[in-house]
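User: I want the labels on this protein justified. Take them one at a time, and set each value against its cut-off.

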Amino acid sequence: MTKIMVHKLTSEHLMRRACEMTFRGKSNVDLEKMYRSEHSPIRTQVFWIEFQGIPTFASVHLVRHKLGVEHFVLSNREDRGGDKDADRWTPVNHGMFINAQELIFMARMRLCKKAHPEVQRIVAQLRDEIAKVDPALAKCMVKNCEYRGGCNELKPCYEEV
């Protein structure tokens with residue numbers, strides 16, 4: 001099993017301060033309500049995530065996410081100590097500096113049955129690790145068909161079962 005480490009870098013207090021910049025008064029909104037609304041202050045909730053030994057192709061799938069995330073991935077370049085015989089299953093280390101909004105979006109795409117089963121497994125494991133540091137966020141990390149109340153793919157995922 002892939003080793004995943006999650007560190008939450010910011011606090012609920014910061015999210016409330018961001019809310020207070022948008023109106024006159026004191027915010028007492030909680031994270032769960034704010035995550036469900038997906039208003040911009042959720043982007044103040046930032047995480048450092050490390051995947052140790054995920055397959056190269058799974059790392060490539062995660063790297064496709066670009067907004068609200070910065071990726072740091074082990075290179076397989078030979079001049080950087082990489083494996084000249086690397087293939088799609090070659091394990092790599094992958095770090096992400098990522099906000100809550102992108103984690104919600106990433107889960108919607110990568111928990112879908114259209115995603116590769118290994119990627120689904122890794123993102124489900126990520127959600128379990130997120131739950132240890134931010135249970136409210138983990139509740140919002142669901143596949144797109146659950147989020148939208150049905151599959152929006154051109155060929156729905158339930159047709160492939």
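Analyst: Start with Glu-129, which counts as buried at 19% relative accessibility. The model is a predicted one.

User: Why is Glu-129 called buried?

Analyst: Buried means under 20% relative accessible area. Glu-129 has 19%, so the label is buried.

User: What makes Lys-132 exposed?

Analyst: Exposed requires over 50%. Lys-132 has a relative accessible area of 63%, so it passes.

User: How do you know that Glu-129 and Lys-132 form a salt bridge?

Analyst: The cut-off is 4 Å between a side-chain nitrogen of Lys or Arg and a carboxyl oxygen of Asp or Glu. Here the N to O distance is 3.0 Å, so the pair qualifies. Both residues sit in helix α5 (residues 117–133). They are 3 residues apart, about one helical turn.

User: Which residues are joined into one network by salt bridges that share partners?

Analyst: Arg-17, Glu-20 and Lys-26. Within that network, Arg-17 and Glu-20 meet at 2.7 Å, N to O. That is within 4 Å, so this contact is a salt bridge. The two residues lie 3 apart in helix α1 (residues 12–20), separated by about one helical turn.

User: Why do Arg-17 and Glu-20 get their accessibility labels?

Analyst: Glu-20 is at 10%, under the 20% limit, so Glu-20 is buried. Arg-17 is at 37%, between the 20% and 50% limits, so Arg-17 is partly exposed.

User: What makes Glu-32 and Arg-36 a salt bridge?

Analyst: Their N to O distance is 3.4 Å, within the 4 Å limit, so the label holds. Both lie in helix α2 (residues 31–37), 4 residues apart, about one turn of the helix. Glu-32 is partly exposed at 27%. Arg-36, at 54%, is over 50% and therefore exposed. By this rule the structure has 9 salt bridges.

User: Now the rings. How many aromatic pairs are there?

Analyst: There are 2. One is Trp-48 with Phe-72, a tilted pair.

User: Why is the pair of Trp-48 and Phe-72 called tilted?

Analyst: Ring centres must lie within 6.5 Å, and these are 5.8 Å apart, so they pair. The planes stand at 50 degrees. Under 30 degrees would be stacked and over 60 edge-to-face, so 50 degrees leaves tilted. Trp-48 lies in strand β2 (residues 46–55) and Phe-72 in strand β3 (residues 69–73), so the pair ties together parts 24 residues apart in sequence. Both rings belong to partly exposed residues: Trp-48 at 24% and Phe-72 at 46%.

User: What makes Phe-57 and Trp-89 edge-to-face?

Analyst: Their planes are 70 degrees apart, over the 60 degree limit, so the pair is edge-to-face. The centres are 4.8 Å apart, within 6.5 Å. Phe-57 is in helix α3 (residues 56–63) and Trp-89 in the loop between β3 and β4 (91–99), so the pair links parts 32 residues apart in sequence. Phe-57 is buried at 4%. Trp-89 is partly exposed at 47%.

User: Which residue lies over the face of Phe-57?

Analyst: Arg-88, at 4.2 Å from the ring centre. The distance limit is 6 Å, so Arg-88 is inside it.

User: What makes helix α4 mostly covered?

Analyst: Helix α4 spans residues 100–110, and 9 of its 11 residues are buried. Among them are Leu-103, Ile-104, Met-106 and Arg-108.

User: How do you know that Asn-99 caps α4?

Analyst: A side-chain oxygen of Asn-99 lies 3.0 Å from the backbone nitrogen of Gln-101, at the N-terminal end of α4. The polar-contact limit is 3.5 Å, so the distance fits.

User: Which residues touch the most other members of the largest nonpolar core?

Analyst: Tyr-35, Phe-47, Ile-49 and Ile-130, out of 36 residues in that core. Ile-49 touches Leu-103 and Ile-130, among others, not counting residues up to four places away in sequence.

User: And what is the overall layout?

Analyst: The protein has 7 helices and 4 strands. Their order along the sequence is β-α-α-β-α-β-β-α-α-α-α. Buried residues make up 43% of the 161 residues.

Terms used. Residues are numbered from 1 along each chain as its sequence is written. This is a predicted model: local features need pLDDT of at least 70, side-chain atom pairs count only at pLDDT 80 or more; totals for chains, interfaces and linings use all residues. Side-chain values use heavy atoms; hydrogens and water are left out. A nonpolar core is a set of buried Ala, Val, Leu, Ile, Met, Phe, Trp, Tyr and Cys residues joined through side-chain atoms within 4.5 Å. Buried means under 20% relative accessible area, exposed over 50%, partly exposed in between (1.4 Å probe, protein chains only). Contact means heavy atoms within 4.5 Å. A polar contact is a pair of N or O atoms within 3.5 Å; within protein, one must be able to donate a hydrogen and the other to accept it, and residues adjacent in sequence count only if both atoms are side-chain atoms. Rings of Phe, Tyr and Trp (its six-membered ring) pair if their centres lie within 6.5 Å; planes under 30 degrees apart count as stacked, over 60 as edge-to-face and the rest as tilted. A charge sits over a ring if NZ of Lys or CZ of Arg is within 6 Å of the ring centre and within 35 degrees of the ring normal.
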